[in-house]
Amino acid sequence: MNRRNFIKTGVLGAMFAASPVSISALDSATRAAAPSGRLNLSFRPYELRLRHAFNLARSQRTTTPGVQVQIEYDGLIGYGEASMPPYLGENVESVCNFLNSLDLGQFTDPFRIEDIHEYLEQTAPDNRAAKASVDIALHDLTGKIMGQPWYKIWGLNPEKTPNTSFTISYDADPEEMRRKVEETTPFKVVKVKMGLNHDRETVEALRRHTDVPICVDANQGWNNKEEALEMCHWLAERNCLFVEQPMDKTAIDDTAWLRERSPLPIIADEFLQRLPDVRRAAGAYDGINIKLMKSTGMHEAYQMAVLARALGMKVMLGCMTETSCAVSAASQLAPMVDYADLDGNLLIANDIFDGMKIVEGKVTIPDRPGIGVVPLA
Ligand code: MG
């Protein structure tokens, strides 16, 4: 059964209507397909429910739209995922439209990842999360065919993964804040979102309960470079590790000014999406935050990490709110990076995969082929 027939049967229609649908339903639908020697793409929307509402500098939300993807080839299934936080401009409709417009059946060799990426780029610009979902599924599939996880294929040492940070948001209620901090106990690093009206209160509240290093993400929330610099000094005195995206992504001169003077490294997040952006970031930022949903997946994320290191920049590996599928895919790169922020799967209440684990705070890559995930029944 090819993709279009799959849609015609109404299975996908039912999946669009129902929420959430067990991935095993899609699994059996895909497995029913006869081995074809061609890539067979299927997908379904899957809304991620957040365990706690996210308070960001410019918004608050309780769910994140997502799309789950499978590519079947000769009886093997590669899993992929698109996660679409609203500020990146993609949504369920745009991702499904993009995936619907693809004809992966023209490819008979899943190892032609470079060719398939060229095809994705020719199909439509942007659509980075949609492209990432295909890329992740291809990496999972090809890793399974080789019988090896991608960190091994890349020649990386899984012992060299960093600790991950775990994001905590401010709560004015001291008891609730204490409870939130308690939840971070297994983690060796915590991350706080800033650029709100209570930046110092957040750090002070945290420091009443814990002395673990803090990563700061201002999410473009600071408007004034002098105040930003003062804040960087204040944070450096309180065992903070770095500041991510302190000012607006277009304020590159102010960010370069801040970077020259800041005692803490300045990391680019919203400023940077893909490989050509790494060179633009050099000079204004000390490091880059790579996320698969920005980079169009693992293929370009690896290239970004290599380039950033060659430029002497720090590398951070982040994620969106994602299931263990995309987070485990990202974890394959973790031995290459200085900082990891891979808590996306821990922030959702409805994960549908087993994969990467945090063991005593450290990113621990699953020792399974591909991206290392198993669907939960
Ligand atoms: Mg960020």
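The following paragraphs describe the overall make-up, the metal site, the helix packing and the aromatic pairs of a predicted model.

The protein contains 15 helices and 17 strands, and of its 377 residues, 58% count as buried. Contacts between residues at least 6 apart in sequence were also examined, and among these contacts 69% join residues that are at least 24 apart.

A magnesium ion is present in the model, and its coordination is provided by Asp217 (OD), Glu244 (OE) and Asp269 (OD), at 2.1 to 2.2 Å. Along the chain, the donors of this ion follow the spacing D-x26-E-x24-D. Asp217 belongs to strand β8, which covers residues 214–217, whereas Glu244 belongs to strand β9, which covers residues 240–244, so that this pair ties together parts that are 27 residues apart in sequence. Both of these residues can be placed with respect to the solvent by their accessibility: Asp217 has a relative accessibility of 0% and therefore counts as buried, and Glu244, with a relative accessible area of 0%, is buried as well.

The packing of helices was considered next, beginning with two helices that each pack against α6. Helix α4 (residues 92–100) packs with helix α6 (residues 128–146) at an angle of about 55°, and the axes of the two helices are 9 Å apart. This angle makes α4 oblique to α6, and α4 passes α6 in a right-handed crossing. The contact between them is made by Val95, Phe98 and Leu99 on the side of α4, which meet Ala130, Lys131, Ser133 and Val134 in α6.

Helix α5 (residues 113–123) also packs with α6, in this case at an angle of about 165° and with the axes 11 Å apart. Because angles over 145 degrees are counted in this way, α5 and α6 are described as roughly antiparallel to each other, and their crossing is right-handed. From α5, the residues Ile113, Ile116, His117, Leu120 and Glu121 take part in this contact, and in α6 they meet Lys131, Val134, Asp135, Leu138, His139 and Thr142. Lys131 and Val134 of α6 thus appear in the contact with α4 and again in the contact with α5.

A further pair is formed by helix α10 (residues 225–236) and helix α11 (residues 252–261), whose axes come within 10 Å and cross at roughly 30°. Since angles under 35 degrees count as roughly parallel, this description applies to α10 and α11, and the crossing of these two helices is right-handed. The residues of α10 in this contact are Lys225, Glu226, Ala228, Leu229, Cys232 and His233, and they meet Asp254, Trp257, Leu258 and Arg261 in α11.

Finally, a search of the whole structure for aromatic pairs finds seven of them. In one of these, the rings of Phe271 and Tyr285 have their centres 5.0 Å apart and their planes at 35°, so the pair is classed as tilted. Phe271 lies in the loop between β10 (266–268) and α12 (275–281), while Tyr285 lies in the loop between α12 and β11 (287–290), and the pair therefore ties together parts that are 14 residues apart in sequence. Phe271 counts as buried at 7% relative accessibility, and Tyr285 is likewise buried, with a relative accessible area of 1%. Elsewhere in the chain, Trp150, Trp154 and Tyr302 form one aromatic cluster.

Methods:
Residues numbered from 1 in each chain as written. Predicted model: local features only at pLDDT ≥ 70, side-chain atom pairs only at ≥ 80, totals over all residues. Heavy atoms only, no water. Phe/Tyr/Trp six-rings, centres within 6.5 Å; stacked < 30°, edge-to-face > 60°. Helix = DSSP H or I, 4+ residues; strand = E, 2+ residues; numbered from the N terminus. Buried < 20%, exposed > 50% of the residue type's maximum accessible area, 1.4 Å probe, protein only. Donors = N, O, S within 2.8 Å, 3.2 Å for Na, K, Ca; no water. Axes fitted to C-alpha atoms, helices over the stretch in contact; angles between N-to-C directions. Parallel < 35°, antiparallel > 145°, perpendicular 65-115°, else oblique. Left-handed = near helix turned anticlockwise from the far one by under 90°. Contact = heavy atoms within 4.5 Å.
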